[in-house]
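Below are my notes on the model you sent, set out as numbered points. They start from one side-chain pair and work outward to the sheet and the core.

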Amino acid sequence: MNTDTPTPLQPSPFLPLCLGFVAGAALVGAAWILLGPSRPGHFHDMTVDYMYETSPGTATGSSSLEVESLEIHPEFVLLTDARGESRLMMLSRLRKLHFKPTAK
């Protein structure tokens with residue numbers, strides 16, 4: 001019969017490395033969720049000057065429309081104001097589009 005006492009388990013030398021990796025992944029994940037992914041062509045809090053063709057020979061627009069969100073897609077532009085109302089404008093009918101950050 002063996003009467004030797006078992007030796008306690010020793011922590012792995014890789015434990016701090018593993019814990020650091022898990023903590024870093026959690027931090028990056030939390031930042032991505034809170035800040036959102038960066039999307040090309042998506043701008044926030046902008047002042048927009050645009051001219052849009054409503055029918056042949058007729059156009060309408062705004063010289064200083066403040067929008068919460070401006071999204072530029074391959075075929076259209078989407079403007080969303082502070083009330084949540086959106087304007088969808090096809091690029092083929094957009095005659096002018098200038099935008100800059102809103103001064104707050």
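**Notes on the fold and its contacts**

1. The side chains of Lys 96 and Asp 49 form a salt bridge, with N and O 3.4 Å apart. Lys 96 belongs to strand β5 (residues 94–101) and Asp 49 to strand β1, so this pair ties together parts that are 47 residues apart in sequence. Lys 96 is partly exposed, at a relative accessible area of 32%. The model is a predicted one, and the distance should be read as a value from that model.

2. Asp 49 also has a place in the strand pairing: its bridge partner in β5 is His 98. The two strands concerned, β1 and β5, pair in the antiparallel sense over seven bridges. Asp 49 is thus named twice in relation to β5, through the salt bridge to Lys 96 and through the bridge to His 98.

3. What is the order of the strands in the sheet? The open sheet has five strands, in the order β4-β3-β2-β1-β5, with antiparallel pairing. Strands β4 and β5 stand at the edges with a single partner strand each, so one side of each has no neighbour in the sheet. On average, neighbouring strands are turned by 30° against each other, direction ignored.

4. β1 and β2 run antiparallel and are joined by eleven bridges. One of the pairs across them is His 44 with Ser 69, the latter in β2. The two strands form a hairpin with two residues between them, and in the turn Gly 57 has a positive phi of about 85°.

5. Between β2 and β3 there are four bridges, again in an antiparallel arrangement. Glu 71 has Leu 78 of β3 as its bridge partner. The hairpin that joins β2 to β3 passes through three residues.

6. Five bridges join β3 to β4 (residues 86–90), and these strands run antiparallel. Leu 79 stands opposite Arg 87 of β4. This hairpin has five residues between the strands, and Gly 84 takes a positive phi near 90°.

7. How many salt bridges does the model contain? The count comes to four. Among them, Asp 81 pairs with Arg 83, the closest N and O atoms being 3.2 Å apart. Glu 85 also pairs with Arg 83, and here the closest N and O atoms are 3.2 Å apart. Asp 81, Arg 83 and Glu 85 are in this way linked in a network of salt bridges.

8. Is Asp 81 buried or exposed? At 13% relative accessibility, Asp 81 counts as buried, the cut-off for that class being under 20%. Arg 83 is exposed, with a relative accessible area of 66%. Glu 85 is partly exposed, at 47%. The network therefore includes a buried acid, an exposed Arg and a partly exposed acid.

9. Thr 80 lies in strand β3 and is buried, with a relative accessible area of 17%. Leaving out residues up to four places away in sequence, Thr 80 touches Val 67, Glu 68, Ser 69, Glu 85 and Ser 86. Two of these names have come up above: Ser 69 is the bridge partner of His 44, and Glu 85 takes part in the salt-bridge network. The C-alpha atoms of Thr 80 and Leu 70 are separated by 6.6 Å, with the two residues ten apart along the chain.

10. Which residues make up the largest nonpolar core? There are eleven in all: Met 46, Val 48, Tyr 50, Tyr 52, Leu 65, Val 67, Leu 70, Val 77, Leu 79, Met 89 and Leu 94. Strands β1 (42–55), β2 (58–72) and β3 (76–80) each supply at least two of them. β1 gives the most, with four residues. In soluble globular proteins, nonpolar side chains tend to be buried together.

11. Leu 94 is a member of this core. Apart from residues up to four places away in sequence, Leu 94 touches Tyr 50, Met 51, Tyr 52, Val 77 and Met 89. Of these contacts, Tyr 50, Tyr 52, Val 77 and Met 89 are also listed in the core.

Notes
Residues numbered from 1 in each chain as written. Predicted model: local features only at pLDDT ≥ 70, side-chain atom pairs only at ≥ 80, totals over all residues. Heavy atoms only, no water. Core = buried A, V, L, I, M, F, W, Y, C linked by side-chain atoms within 4.5 Å. Buried < 20%, exposed > 50% of the residue type's maximum accessible area, 1.4 Å probe, protein only. Contact = heavy atoms within 4.5 Å. Pairing = 2+ DSSP bridges. Axes fitted to C-alpha atoms, helices over the stretch in contact; angles between N-to-C directions.
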